[in-house]
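Reader: Hello! I'd like a close look at the place where the ligand sits, followed by a walk through the rings and the backbone elsewhere. Could you take me through that in one connected answer?

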Amino acid sequence: MASNGTNPNTTVSTDQPWWRQGVVYQVYPRSFADANGDGLGDIAGITSRIDYLETLGIDAVWLSPFYPSELADGGYDVANYRDVDPKLGTLADFDELVAALHSRGIKVVVDIVPNHTSDQHEWFQRALAAGRGSAERERYIFREGADDTSPPTDWVSMFGGSAWQRVDDGQWYLHNFTIEQPDLNWSHPEVRADFVTTLRFWADRGVDGFRIDVAHMLTKDMSEPLLSRSELDALPLDGNHPLLDRDDVHEVYAEWRRVFESYDPPRTAVAEAWVHKSRVPLYASRDSLGQAFNFDLLQADFDAEQFSRVVRDNLELAHASGSSSTWVLSNHDVVRHATRYGLPHPERDSHANPVHKHGADWVVSGGVTPQLDRVAGERRARAATLFMLGLPGASYLYQGEELGLHEVAEIDASSRQDPTFFRSAGADFGRDGCRVPLPWSATGTSFGFGSNGAHLPQPSWFADYAVSVEEADRASTLSLYRRALALRRSLQTTEQLQWVETGNPAVLHFRRPNGWEVVTNFGAESYALPRRDAVLASETLDDDGVLPGDTTVWFA
Ligand code: NOJ
């Protein structure tokens with residue numbers, strides 16, 4: 001334990017692995033920075049912004065897929081797991097990026113997409129060519145149709161429409177996501193072996209950790225007769241469901257764990273697992289992936305009762321798994337939190353797909369209804385972020401949230417890319433609005449993203465959120481993130497939290513073991529602060545000893 005120099009009672013635990021309480025910044029490579037001027041972000045673009053990443057004060061960068069891909073699903077359709085998309089650079093560029101990040105003390109996490117490949121993957125192309133009954137088709141999930149024209153079952157893909165696609169010879173293959181993402185057969189030893197090769201390939205190149213895409217979907221019981229959609233829906237999610245969150249997926253991760261532990265330091269992993277909370281510890285346990293995303297904050301409204309419940313539940317779950325909790329407010333799959341918090345609270349519908357729900361209607365309306373309160377949304381987003389950064393555990397940030405960026409609703413149909421848009425016949429506009437390339441400067445081609453436009457259209461209001469503008473403004477969201485992350489590093493302490501009674505249902509107050517305190521006012525009325533020596537606040541505080549609404553303050 002070392003003193004942090006701020007307060008003699010404040011200590012930093014130096015013996016923790018970085019991932020337990022690190023701040024991980026998600027880069028969506030195709031929208032971060034474009035070095036070669038083709039309108040698409042690239043690896044060299046990320047390297048060119050290394051000073052920005054260092055100054056931000058993050059511990060790790062998570063790179064969404066940068067592998068060769070036809071972009072049927074924003075890169076989550078991987079054609080080759082052990083290469084860089086030529087549109088984004090080369091393996092040499094990747095090595096340079098890793099070296100640059102490491103030289104600034106920033107770890108690197110890459111995305112592994114094991115449930116499905118791209119239909120352009122060599123294996124799938126060979127499966128198509130080899131025909132029914134071939135060994136090549138065994139690596140995927142091919143079946144005969146129910147009759148000449150109908151798929152084997154009525155299963156629906158996550159992006160809408162049938163989960164089966166017919167090929168020329170009449171067989172059908174399973175794709176739980178879009179047509180271009182055929183599901184792999186995880187009962188096949190070659191599939192298992194190949195992913196171990198992939199993990200080693202990146203770990204050998206110095207990658208520190210892995211984010212595992214839809215970690216709960218890999219293994220499947222496809223024994224005949226296959227159940228119908230309604231029969232599947234009626235089954236409990238208890239580890240034996242034919243398609244979801246099966247206990248046997250942890251056999252895969254036990255093997256991966258041996259791979260991770262064979263490195264020094266051991267490589268880390270975080271599961272993207274949409275499972276019942278009682279089953280999250282299975283993924284987060286040390287025998288499995290070691291950490292799991294907790295998306296509860298990302299699904300909560302800006303509301304004290306909801307935030308408090310989410311924190312209590314997830315600290316318990318983390319305790320049960322021996323891992324730390326993770327916290328997420330925004331990522332590449334949801335409407336940005338500045339926008340969510342500027343919209344009225346949604347009607348809660350337990351059957352809705354949580355990933356696409358909040359703010360989706362506003363996007364479909366072109367950003368017109370319900371009316372967005374931009375200022376309130378940003379203010380609440382800053383308050384929520386400071387609340388999150390004070391919690392024990394790891395925080396995951398999504399590129400652009402440090403600028404207070406809003407979701408972009410004004411993308412016309414001809415510019416949309418997300419398969420959700422196409423497969424829902426426009427009923428759900430999907431996720432393009434949080435993937436619009438970042439504004440680096442207030443003027444110029446694509447606001448400094450690159451020298452030749454941006455692959456998704458940037459609205460004119462992006463100018464106000466440009467990095468160059470916010471860097472020059474001490475009151476900007478970017479300045480707040482930088483101060484918060486620097487302070488968080490010096491204040492970090494053991495993974496505990498104690499609630500302090502506020503007597504006000506709209507105000508949450510917690511204390512960490514070293515005296516670091518976080519108070520958030522989720523309401524509209526001011527709250528009398530217990531102390532006046534704030535070290536950080538999400539808004540400028542008047543000297544009247546009160547915490548205004550929609551504001552967080554830190555004491556240390
Ligand atoms: C989850 C990823 O976060 C999402 O972007 C992707 O579309 C699906 N998995 C399919 O890979």
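**The ligand and its surroundings**

Author: Happy to! The ligand is surrounded by 14 residues, the closest being Asp 73, His 116, Asp 213, His 332 and Asp 333. Please keep in mind that this is a predicted model. Sorted by type, the shell around the ligand holds 4 nonpolar, 3 polar and 7 charged residues.

Three aspartates give us distances to work with. In the side chain of Asp 73, an N or O atom is 2.6 Å from an oxygen atom of the ligand. For the side chain of Asp 213, the corresponding distance to a ligand oxygen is 2.7 Å. The side chain of Asp 333 has an N or O atom 2.5 Å from an oxygen atom of the ligand. As for cover, the ligand taken alone exposes 300 Å², and the protein buries 97% of that.

Let's turn to the aromatic rings. Across the whole structure, a search finds 39 aromatic pairs. Take Trp 186 and Phe 195: their ring centres are 5.1 Å apart and their planes stand at 40 degrees, so this pair counts as tilted, a class that lies between stacked, under 30 degrees, and edge-to-face, over 60. Trp 186 and Phe 195 are both buried.

Another pair joins Tyr 253 and Tyr 283, with 6.4 Å between the ring centres and 55 degrees between the planes, so it is tilted too. This pair links distant parts of the chain, since Tyr 253 belongs to helix H8 (residues 249–261) and Tyr 283 to helix H9 (residues 280–284), 30 residues apart. Tyr 253 and Tyr 283 are both buried.

Rings can also join up in a larger group. Phe 302, Phe 307, Tyr 341, Phe 387, Trp 499, Phe 510 and Phe 522 are linked by ring pairs into a cluster. One of these rings, Tyr 341, also has a charged partner: Arg 340 lies over its face, 5.6 Å from the ring centre. Elsewhere, Arg 137 places its charged end over the ring of Phe 142, at 4.5 Å from the centre.

Now for the backbone. Most residues other than glycine have a negative phi, and most peptide bonds are trans. With that in mind, here are the spots to look at. Glu 224 and Pro 225 are joined by a cis peptide bond, with omega at about 0 degrees. Pro 225 is in the loop between strand E9 (209–212) and helix H7 (229–233). Asp 264 and Pro 265 are likewise joined by a cis peptide bond, where omega is about -5 degrees. The loop holding Pro 265 runs between H8 and strand E10 (268–271), and H8 is the helix that carries Tyr 253.

Positive phi values turn up in residues other than glycine as well. Leu 71 has phi near 60 degrees and is found in the loop between strand E4 (60–63) and helix H4 (91–103). With a relative accessible area of 25%, Leu 71 is partly exposed, because buried would mean under 20%. Ser 446 has a positive phi near 50 degrees, and its loop connects helix H15 (419–423) with helix H16 (467–471). At 8% relative accessibility, Ser 446 falls under that 20% cut-off and therefore counts as buried.

Definitions and conventions
Residues are numbered from 1 along each chain as its sequence is written. This is a predicted model: local features need pLDDT of at least 70, side-chain atom pairs count only at pLDDT 80 or more; totals for chains, interfaces and linings use all residues. Side-chain values use heavy atoms; hydrogens and water are left out. Rings of Phe, Tyr and Trp (its six-membered ring) pair if their centres lie within 6.5 Å; planes under 30 degrees apart count as stacked, over 60 as edge-to-face and the rest as tilted. Buried means under 20% relative accessible area, exposed over 50%, partly exposed in between (1.4 Å probe, protein chains only). Helices (H or I, at least four residues) and strands (E, at least two) are DSSP runs, numbered from the N terminus. A charge sits over a ring if NZ of Lys or CZ of Arg is within 6 Å of the ring centre and within 35 degrees of the ring normal. A residue is near a molecule or strand if one of its heavy atoms lies within 4 Å of it. A polar contact is a pair of N or O atoms within 3.5 Å; within protein, one must be able to donate a hydrogen and the other to accept it, and residues adjacent in sequence count only if both atoms are side-chain atoms. Accessible areas come from the Shrake-Rupley method with a 1.4 Å probe; for residues, only the protein chains shown count as cover. Ala, Val, Leu, Ile, Met, Phe, Trp, Tyr, Cys and Pro count as nonpolar, Asp, Glu, Lys and Arg as charged, and the others, Gly among them, as polar.
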